[in-house]
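I opened this model to practise reading a structure from its parts. My notes follow in the order in which I looked things up.

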Amino acid sequence: MENQLNLYNTLSRKKELFEPINPPFAGMYVCGPTVYGDPHLGHARPAITFDLVFRYLLHLGYKVRYVRNITDVGHLVADLDEGDDKIAVKARLEQLEPMEIAQYYADRYFIFMDSLNVKRPSIEPRASGHMIEQIRMVGQILDAGYAYVENGSVYFDVEKYSKTFEYGKLSGRVLDDLMTNTRALEGQDEKHHPADFALWKKAQPEHIMRWPSPWSEGFPGWHLECSAMSTKYLGNYFDIHGGGMDLLFPHHESEIAQCQAAIGHESVKYWMHNNMVTIQGQKMGKSLGNFINLEEFFTGSHRLLDQAYSPMTIRFFILQAHYRSTLDFSNEALQAAEKGLKKMLAAYETLGRMIAVNPSPPTPLKDINPSPPTPLQGTNPSPPTPLQGTNPSPPTPLPGGEGRVALLRQECYSAMNDDFNSPMVIASLFEGVRIINSAADKKETLSPDELVVLKEIFDTFLFDILGLKDEKGNDQRETVDGLMQLILAIRQKSRETKDWGTSDQIRDTLQKLHITVKDGKEGSTWETL
RNA sequence: GGUUUCGUGGCCGAGUGGUUAGGCAGCGGUCUGCAAAACCGUCCACAGCGGUUCGACUCCGCUCGAAACCUCCA
């Protein structure tokens, strides 16, 4: 009962019990990037948010098909004197094929998302590769009578649609307001109603991205690709559709209308939206000069950044806030996240040493090392546990799960089941950190079984579900570890003879190599920065 | 102007009608050859004004402020 997943459905504005349409399968579609520029913070948040959802659904045992599109056709440009395509504009500026631009930035997107340990979705379809599907959907909407052709372009008839259906139900818009508040835009006189939107646009002569269609040489409208590709890969009715809150209107609103018109019913059961990112309380925008892309975060090469922040610091920071809250980036906040994550990972290492010293009876350990990002995933990634009907229960707990340690695990599940509350999970894990460190200090005792359960909790939640990982290189780990044991043994000897000169020289030299020696009651340990 | 989401301590951020969030920073201790790390304790709070209630930070209303969308963007 308590282990049932609840998620916030934007459509109902309530948390709802997650009941997949076809268990054990779960389908999720998320609006991906328009690949005409380098990935920035605004790309990281939805990617990580829905990566968390993806990972948790997998953990619960669902067979998840996660579809995230690549928009390589581009959207219309802001200054509408042109009505141009973003990718096309960039292509003209840089004297490149549009597809060359799209390929370059798609590759960049993948690289940066990989570094953030975002799992690759099951399918990443491209808009340009689904022209046939989009054209067919335009035809379906025309056949249903909810669109009209004007001068080679096709528009969705919002006014007619709203006589039968509720256009605006997702975003809370009222059509009358839209009518009065929509700006009269140049070149839009083909529309019968200001709220109508394009399904197909006839290309002007200067347009370089164009495809043939029954109506004109042109390109698909803004919202069509998501409707066409989501239903193609997930069926006419699927579980979750996600994206940023900024897409609520008009994008997702129009998707609902398109599917209703083309298919005869809505296609999405649960709508999920992540909130936005601000930088020092301000919106992030190119015009404000506070637009920081991910490469600049990772290298620290932006005037607003005091230092570089690693991908895992960014990820941890994003997960420390609930996905439906706005998130404010500042150096102070990022540095706090960096330290917190380091403390967490250090405790995990401590835990590993305690288990090595204190072996428990032969209990099978699973996933000793957090798995690196899976290179490629099939359409149906295999779940970690057997399926158990509509509401799979979490994996069978290891023995020894009693008292505070078992409580921790329960808290983690409760938090995740309450609309993916990752900040609560992290708070619980920090309680685990406290327990581990206290035990290491001999201020508390942990049974071998408890140690194993703690490790299982960290492996499951910190690494598998939150998707964090230790960024320290593992290449020559054993060699370095052996060398360090030797060095620390020599230093220990010099300390026993009160040869502080030697012992301090070792410590200080190691510090210069970014290795910190930590002296404790039971001897010394070390860690890298 | 409209729609939506918010306003929590020095900073970031959870949560709840009456009971400790958590992280970072600060302060006091323990430990230490010195330090670091770690542990323990501790200070600082719920934008403002009304209302409902035995009791509100939590519910309702208003005010002020912020962000997103309404126009390209996550």
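Before anything else I wrote down the term I would use most: a residue is buried if its relative accessible area is under 20%, and exposed if that area is over 50%. I also noted that the model is predicted.

**Entry 1: the chain as a whole**

I began with the overall counts. Chain A has 16 helices and 15 strands. I then looked up how much of the chain is covered, and found that 51% of its 529 residues are buried. Next I took the contacts between residues at least 6 apart in sequence, and 74% of these join residues at least 24 apart.

**Entry 2: helix α7**

I wanted a helix to try the term on, and I picked α7, which spans residues 224-234. How many of its 11 residues are buried? I found nine, and the helix is mostly covered. The buried ones are L224, E225, C226, S227, A228, M229, S230, T231 and L234. I looked just past the helix as well: G235 follows α7, and its phi is positive, near 95°.

**Entry 3: cysteines**

C226 had come up among the buried residues of α7, and its relative accessible area is 2%. I asked myself why C226 forms no bond with C31. The sulfur of C31 is the closest cysteine sulfur to that of C226, but the two are 3.8 Å apart, which is too far for a bond. The cut-off for a disulfide is 2.5 Å. By this rule I count zero disulfides in the model. I also checked C412, which is buried because its relative accessibility is 1%, under the 20% limit.

**Entry 4: S213**

I moved on to a residue in a loop. S213 lies between β7 (197-202) and β8 (218-220). Is S213 buried or exposed? At a relative accessible area of 17%, S213 is buried, since the limit is 20%. Leaving out residues up to four places away in sequence, S213 touches I135 and W200. I followed up I135: 78 residues separate it from S213 in sequence, yet their C-alpha atoms are 6.8 Å apart in space. The side chain of S213 also has a polar atom 2.7 Å from the backbone oxygen of S216.

**Entry 5: two packed helices**

Two packed helices are described by the angle between their axes and the distance between the axes. I looked up both values for α11 (residues 331-357) and α14 (residues 448-465): the angle is about 145° and the axes are 10 Å apart. The crossing is left-handed. From α11, the residues in the contact are M344, L345, Y348, L351, M354 and I355. From α14, they are L451, V452, L454, K455, F458, D459, L462 and F463. Sorted by class, the contact has 12 nonpolar residues, no polar ones and two charged ones.

**Entry 6: R315**

I looked for an arginine inside the protein and took R315, in helix α10 (residues 311-319). R315 has 0% relative accessibility and counts as buried. Which residues does R315 contact, apart from its neighbours within four places in sequence? I listed I48, D51, R55, L116, N117, V118, L466, G467 and L468.

**Entry 7: backbone angles**

Most residues other than glycine have a negative phi, and most peptide bonds are trans. I searched for exceptions.

I noted a cis peptide bond between P23 and P24, with omega about 5°. P24 sits in the loop between β2 (14-17) and β3 (25-30). I noted another cis bond between F249 and P250, where omega is about 0°. P250 belongs to helix α8 (residues 248-263).

For phi, I wrote down N151, which is not a glycine but has a positive value of about 55°. N151 is in the loop between β5 (147-150) and β6 (153-156). D419 is also a residue other than glycine with a positive phi, near 60°. D419 lies in the loop between α12 (403-417) and α13 (422-440). Which of the two is covered? N151 is exposed at 53% relative accessibility, whereas D419 is buried at 0%.

How values were computed
Residues numbered from 1 in each chain as written. Chains lettered and ligands numbered in written order. Predicted model: local features only at pLDDT ≥ 70, side-chain atom pairs only at ≥ 80, totals over all residues. Heavy atoms only, no water. Buried < 20%, exposed > 50% of the residue type's maximum accessible area, 1.4 Å probe, protein only. Helix = DSSP H or I, 4+ residues; strand = E, 2+ residues; numbered from the N terminus. Contact = heavy atoms within 4.5 Å. Polar contact = N/O pair within 3.5 Å; in protein donor to acceptor, adjacent residues only side chain to side chain. Axes fitted to C-alpha atoms, helices over the stretch in contact; angles between N-to-C directions. Left-handed = near helix turned anticlockwise from the far one by under 90°. Nonpolar A, V, L, I, M, F, W, Y, C, P; charged D, E, K, R; others polar.
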